[in-house]
Amino acid sequence: MLFAAVAVSQTQRQAKNLDLVLPTDNDALFRGGGPDFYQYVDRDYNGEKSTPWEGGQYGFVRDPVETGAGVVYTRFHEGIDIRCLHRNEHGEPIDEVRAISEGKVVHTSLVPGYSNYGKYIVIEHNWGGSPYYSLYAHLNAIDVRTGQAVQRGQHIGVMGYTGEGINQQRAHLHLELNLMLSSRFEAWYNKFHRKDPNQHGKYNGANLTGLNIAQFYLELRDNPSLTIPEFLSKEETFYKVAIPKSRYFELPKRYPWMAPPNAMAHAKSWEVSFTRSGLPIKVEPSERSIKSPQIVYAKKSSMSVYYLTNGIANGSGEDPHLTVYGQIMMRMLIFPD
Ligand SMILES: [Zn+2]
């Protein structure tokens, strides 16, 4: 009987392993990454043109700006650009694109002009009781429908170069792995962005915030039982924002691992910790009474935090404040309050 019990618990543990697959035939990530894995970007820096593959990585890898404290990459790339491997006789990309894990297709965007992602697919995965969203962008063809269940490694589409700023030569798959910020995104969006209609419901890229998926693949390979909460627990907090108490605050409900158990009920407000890229990783109760979101901490730096927070905050590390954009973004977390 003991044997049987051990066997069951091992099976259960194995069933929890995420066991992600890469979405195309390109597996150079596991052989050092670099230019074999990442698609280059076209860069024009002070008139000097270059094609660095580094711009295809996740992170602050784009739009260098010269500041008093040196060159800073100000634009955040929320996913990875996986280089094309297969082309037909006309140079068209034909790489098959596959689901990285089992899940449900929750969004397919078929009109390239509706998003700078071009044609894209969002798949919802349920891992450890929380929803995560893989996103596959710049596709040529989409071969799944919204609502369809997909298996790990299942064909979902074909690589392309739809969307903004891409051409046939730079064809690649842009892949993200995301948390969702708010299920009330659409109402929030319609209030603050009335002129530019949202065609994607809550699966708009602005509501999906990406983690470092390349790093996650690499760490999963070494530690197959790694979970997302474990992975994110090692991320550095770059800034903290206090959020007024609201019954619409969903983050700790969707991602309970962000908050200490039972701490939410008695708090007067919450402090949300963000990585530099704006990924929420922790929620703590606070005794502070506030009426609107305010930044309460930013990592010290020799340059304006504006460059280091994707424009969420401004000022120095000692005296940071939310920009108007930052205020609006934080209100999304408790909208319509
Ligand atoms: Zn990309």
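In this predicted model, the side chains of Ser 246 and Asp 337 are joined by a polar contact of 2.8 Å. Ser 246 sits in the loop that runs between β14 (239-244) and α5 (251-254), and its side chain also reaches the backbone nitrogen of Tyr 248, at 2.9 Å. With neighbours within four places in sequence set aside, Ser 246 is in contact with Trp 270, Ile 334 and Asp 337. So Asp 337 turns up twice for this serine, as a polar partner and in the list of contacts. Ser 246 counts as buried because its relative accessibility is 7%, and the cut-off for buried is under 20%.

The loop between β14 and α5 also holds Glu 250, which brings in the salt bridges. The structure holds 15 of them. In one, Arg 184 pairs with Glu 250, and the closest N and O atoms are 2.8 Å apart. This pair ties together distant parts of the chain, 66 residues apart, with Arg 184 placed in the loop between β12 and α2. The two partners fall into separate classes of accessibility: Arg 184 is partly exposed at 30%, whereas Glu 250 is buried at 10%.

Strand β14 takes part in a salt bridge as well, through Lys 240, whose partner Glu 284 lies in strand β16 (residues 280-286). The side chains of Glu 284 and Lys 240 meet at 3.5 Å, N to O, and here too the pair links distant parts of the chain, 44 residues apart. Glu 284 has a second partner in Lys 282, with the closest N and O atoms of that salt bridge 3.8 Å apart. Glu 284 is partly exposed, at a relative accessible area of 22%; Lys 282 is partly exposed too, at 41%. Elsewhere, a network of salt bridges links Asp 25, Glu 96 and Arg 98.

On the scale of the whole chain, the domain assignment gives domain 1 (18-224) and domain 2 (229-332). Their contact takes 32 residues from domain 1 and 27 residues from domain 2. Taken over C-alpha atoms, the centres of the two domains are 25 Å apart. Between them, domain 1 and domain 2 bury about 2600 Å², and 66% of that is on carbon and sulfur atoms. On the side of domain 1, the residues that lose the most area to domain 2 are Phe 60, Leu 181 and Trp 188, which together make up 22% of what that side buries.

The polar part of this interface can be counted too. There are 11 residue pairs in polar contact between domain 1 and domain 2, and the rule finds two salt bridges across the interface. Several elements of domain 1 give two or more residues to the side that touches domain 2, among them β3 (59-67), β4 (70-77), β9 (130-142), β12 (172-180) and α3 (213-222). Helix α2 belongs to this group as well.

What is buried in helix α2 (residues 185-192)? Phe 185, Trp 188 and Tyr 189 are. Seen down the axis of α2, these buried residues fall within an arc of 100°, so they line one face of the helix. They pack against α6 (324-332). Trp 188 thus appears in two settings, both among the buried residues of α2 and among the residues of domain 1 that lose the most area to domain 2.

A last stop is Val 150, found in strand β10 (residues 149-150). Val 150 is buried, with a relative accessible area of 1%. Not counting residues up to four places away in sequence, Val 150 touches Ala 99, Glu 102, Gly 103, Val 105, Ile 123, Val 144 and Ile 156. As for its place relative to Asn 310, which is 160 residues away along the chain, the C-alpha atoms of the two are separated by 34 Å.

Note on methods:
Residues are numbered from 1 along each chain as its sequence is written. This is a predicted model: local features need pLDDT of at least 70, side-chain atom pairs count only at pLDDT 80 or more; totals for chains, interfaces and linings use all residues. Side-chain values use heavy atoms; hydrogens and water are left out. Buried means under 20% relative accessible area, exposed over 50%, partly exposed in between (1.4 Å probe, protein chains only). Helices (H or I, at least four residues) and strands (E, at least two) are DSSP runs, numbered from the N terminus. The arc is that of the directions from the helix axis to the C-beta atoms. Contact means heavy atoms within 4.5 Å. Domain bounds come from an automatic or database domain assignment. Buried area is the accessible area (1.4 Å probe) that two parts lose on being put together, summed over both. A salt bridge is a side-chain nitrogen of Lys or Arg within 4 Å of a carboxyl oxygen of Asp or Glu. A polar contact is a pair of N or O atoms within 3.5 Å; within protein, one must be able to donate a hydrogen and the other to accept it, and residues adjacent in sequence count only if both atoms are side-chain atoms.
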